[in-house]
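Open the model in a viewer and keep the sequence panel visible. The stops below each begin with a selection to make.

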Amino acid sequence: MVRGLYTAYTGMINEQRRLDVISNNLANSATVGYKGENVVSRSFKDYMAVKIRDGSNEYIDEPIGTFNPGVKIGETYMDWGQGSIRETGNTYDLAIQGNGFFAMRVTDANGNSSIKYTRCGTFKCTSDGYIVDADGNHLQSANGDLQVPVDAQEIAIKNDGSVFADGVLVDTIVLTDFEDYNYLELYGDNMFNAVEGATIKDSTGTLEQGFTEQSNVNVISEMVSMITITRAYEAGQKMIRTQDSLLDASVNQIGKV
């Protein structure tokens with residue numbers, strides 16, 4: 001019966017962790033460029049149960065079968081599917097159609113710079129012509145930090161990333177892609193850091209000026225999953241109450257006989 005309590009406990013902890021992931025997805029359902037996370041569950045390894053020094057078998061240890069202590073989170077993985085494209089009409093908003101990431105130069109509180117990757121294409125132009133995101137991180141191009149003339153009347157960005165100021169080519173936005181996305185770890189809400197072992201390759205994606213890629217989270221699907229998790233959690237609670245009543249009966253009632 002105590003094993004039943006533990007099994008119910010592991011199930012409830014598993015559902016709580018799944019709920020955390022879904023809650024984060026729902027919280028970022030309106031975040032530009034956000035990629036939803038998903039989790040899978042798996043059981044713990046089966047263990048052999050052994051009857052030890054039981055007088056019914058001449059005090060010889062005897063295997064009596066296997067048991068499983070419950071369930072756990074098996075894997076958390078990212079859904080890399082394309083999000084919907086929404087028109088904004090803003091000159092510096094960019095959406096990626098297909099595979100690839102924008103490369104951003106991110107500077108931390110200590111002044112150290114590193115390159116992170118994102119699908120969020122909400123950019124603006126600073127007073128000195130640099131193209132940055134909402135946090136001031138610099139969009140990278142073939143020549144480093146992308147900069148355009150501040151006195152240009154028209155900025156045009158082509159599908160291949162070519163940036164024109166009043167019809168004159170000034171730079172090219174280079175998209176970055178990877179052989180295996182498993183070597184990308186989440187940085188913040190919608191940026192990724194390439195860890196050791198990541199292999200860069202040329203991107204086949206194209207750019208759309210005046211558009212942004214929305215989150216790929218399906219809100220309805222996430223809400224259905226949340227209801228399913230809630231019911232599974234409640235089932236674990238009922239199992240614990242049942243086990244508790246059985247323990248109470250065995251201690252306080254059978255013990256009186």
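Select Tyr 92, Leu 94, Phe 123, Ile 131, Leu 139, Leu 146, Val 148, Ile 157, Val 163 and Ile 173, which line the largest cavity. A cavity here is a set of points on a 1 Å grid over the protein atoms alone where a 1.4 Å probe fits but cannot get out, and lining residues have an atom within 4 Å of a point. The space in the largest cavity is about 30 Å³, and one cavity of 30 Å³ or more turns up in a search of the whole structure. A volume is the space filled by probe spheres set on the points, with grid points joined across faces, edges and corners. The lining of this cavity divides into ten nonpolar, no polar and no charged residues. In this count Ala, Val, Leu, Ile, Met, Phe, Trp, Tyr, Cys and Pro are nonpolar, Asp, Glu, Lys and Arg are charged, and the others, Gly among them, are polar.

The model is predicted: local features need pLDDT of at least 70, side-chain atom pairs count only at pLDDT 80 or more, and totals for chains, interfaces and linings use all residues. Residues are numbered from 1 along each chain as its sequence is written, and side-chain values use heavy atoms, with hydrogens and water left out.

**Pockets**

Next select Asp 133, Asp 135, Asn 137, Asn 190 and Met 191. Of the 15 residues lining the largest pocket, these lie nearest its centre. A pocket is an open set of grid points with protein on both sides within 12 Å along at least five of seven lines. The volume of the largest pocket is about 250 Å³, and its lining divides into seven nonpolar, six polar and two charged residues.

For the second largest pocket, of about 190 Å³, select Glu 37, Glu 75, Thr 76, Tyr 77, Met 78, Trp 80, Tyr 181, Asn 182, Leu 184, Glu 185, Leu 186 and Phe 192. Which strand gives the largest share of this lining? It is β4, with four residues; β4 (71-78) and β17 (184-187) each supply at least two. Strands (E, at least two residues) and helices (H or I, at least four) are DSSP runs, numbered from the N terminus. The lining of the second largest pocket holds seven nonpolar, two polar and three charged residues.

**Strand pairs**

Colour β7 and β8 next. They run antiparallel and are joined by six bridges; two strands pair if DSSP finds at least two bridges between them. Ala 103 stands opposite Tyr 117 in β8. In the hairpin of β7 and β8, with five residues between the strands, Gly 111 has a positive phi near 85°.

Stay on Tyr 117 and add Phe 192, the residue opposite it in β18. Two bridges join β8 to strand β18 (residues 191-194), and these two run antiparallel. Phe 192 has appeared before, in the lining of the second largest pocket.

Now move to the open sheet of three strands in the order β13-β14-β15, with antiparallel pairing. Its edge strands, β13 (155-157) and β15 (168-172), each pair on one side only. Neighbouring strands of this sheet are turned by 25° against each other on average, direction ignored; axes are lines fitted to C-alpha atoms, for helices over the stretch in contact, and angles run from 0 to 180 degrees between N-to-C directions. Three bridges pair β13 with strand β14 (residues 162-165), and Ile 155 has Ala 165 in β14 as its bridge partner.

**Salt bridges**

How many salt bridges are there? The count comes to four, where a salt bridge is a side-chain nitrogen of Lys or Arg within 4 Å of a carboxyl oxygen of Asp or Glu.

Select Asp 145 and Arg 105: their closest N and O atoms are 2.7 Å apart in a salt bridge. Asp 145 lies in strand β12 (residues 144-145) and Arg 105 in strand β7 (residues 102-107), so the pair ties together parts 40 residues apart in sequence. Asp 145 is partly exposed at 23% relative accessible area, and Arg 105 is partly exposed at 24%. Buried means under 20%, exposed over 50%, and partly exposed in between (1.4 Å probe, protein chains only).

Select Arg 119 and Glu 213, whose side chains meet in a salt bridge at 2.8 Å, N to O. Arg 119 sits in the loop between β8 (113-118) and β9 (124-125) and Glu 213 in strand β21 (residues 211-213), 94 residues apart. Both Arg 119 and Glu 213 are buried. Add Lys 35 to see the network of salt bridges that links it with Arg 119 and Glu 213.

Finish at Arg 18 and Glu 15, a salt bridge with closest N and O atoms 2.9 Å apart. The two are three residues apart in helix α1 (residues 2-27), about one helical turn. Arg 18 is partly exposed at 21% relative accessibility, whereas Glu 15 is buried at 10%.
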